[in-house]
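Reader: Before I ask anything, please show me the model, and then let us go through it step by step.

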Amino acid sequence: MQFGYPESLDGPWLEPGVTYLLFLRPTLIAGSSSLDFLVTGATAGIYRQEADGTFTFVEPRGDLLPQKLTLDELRAVLG
């Protein structure tokens, strides 16, 4: 996974063997595949699954996003 330029953000953001919830959007870059996606808001769209099944925001730097999400909360929002 790359966020813009390699030096643009500290990382690594994703670790092997860990489950993540990713909020993605299509790249919409000319010539890209319809299967190419970007993480919404760079790291803002990445949540790591915890042992209790909740998802925790991996980069809590000032964004006004929930720090923790449950599957029930996601289902309620996504329908």
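The questions below go from the overall fold to single residues.

Author: This is a predicted model, in which local features need pLDDT of at least 70 and side-chain atom pairs count only at pLDDT 80 or more, while totals for chains, interfaces and linings use all residues. Residues are numbered from 1 along each chain as its sequence is written, and side-chain values use heavy atoms, with hydrogens and water left out.

Reader: In what order do the elements of the protein run from the N terminus on?

Author: Helices (H or I, at least four residues) and strands (E, at least two) are taken as DSSP runs, numbered from the N terminus. On that basis the protein has one helix and six strands. Read from the N terminus, the order is β-β-β-β-β-β-α.

Reader: Which strands stand at the edges of the open sheet, each with a single partner strand?

Author: Two strands pair if DSSP finds at least two bridges between them, and by this criterion four strands form an open antiparallel sheet in the order 1-4-5-6. Because each has a single partner strand, one side is left without a neighbour in the sheet for strand 1 (20–22) and strand 6 (68–69).

Reader: Which residue is the bridge partner of tyrosine 47 in strand 5?

Author: Strand 1 and strand 4 (residues 46–49) are antiparallel and share three bridges, and there leucine 21 has tyrosine 47 as its bridge partner in strand 4. Strand 4 is also joined to strand 5 by three bridges, again antiparallel. In strand 5, the partner of tyrosine 47 is phenylalanine 57.

Reader: Which residues make up the largest nonpolar core?

Author: A nonpolar core is a set of buried Ala, Val, Leu, Ile, Met, Phe, Trp, Tyr and Cys residues joined through side-chain atoms within 4.5 Å, where buried means under 20% relative accessible area, exposed over 50% and partly exposed in between (1.4 Å probe, protein chains only). Of the 79 residues of the protein, 24% count as buried. The largest core has seven residues, namely Leu21, Ala44, Tyr47, Phe55, Phe57, Leu69 and Leu74.

Reader: Is threonine 27 buried or exposed?

Author: Threonine 27 sits in the loop between strand 2 (24–26) and strand 3. With contact meaning heavy atoms within 4.5 Å, and neighbours within four places in sequence left aside, threonine 27 touches Ser32, Asp36, Phe37 and Leu38. Because its relative accessible area is 12%, threonine 27 counts as buried.

Reader: How many salt bridges does the count come to?

Author: A salt bridge is a side-chain nitrogen of Lys or Arg within 4 Å of a carboxyl oxygen of Asp or Glu. Arginine 48 and glutamate 50 meet this rule at 3.6 Å, N to O, as do arginine 75 and aspartate 72 at 3.5 Å, the latter pair lying three residues apart in helix 1 (residues 71–78). The count comes to two salt bridges.

Reader: Which residues form a nonpolar patch on the surface, and how much accessible area do they have together?

Author: Patches are made of residues with over 30% relative accessible area and no salt bridge, like charges being joined within 9 Å and nonpolar side chains (Val, Leu, Ile, Met, Phe, Trp, Tyr) within 5 Å. Phenylalanine 37, in strand 3 (residues 37–39), is partly exposed because its relative accessibility is 44%. Areas come from the Shrake-Rupley method with a 1.4 Å probe, and for residues only the protein chains shown count as cover. The patch consists of Leu22, Leu24, Leu35 and Phe37, with a joint accessible area of about 400 Å².
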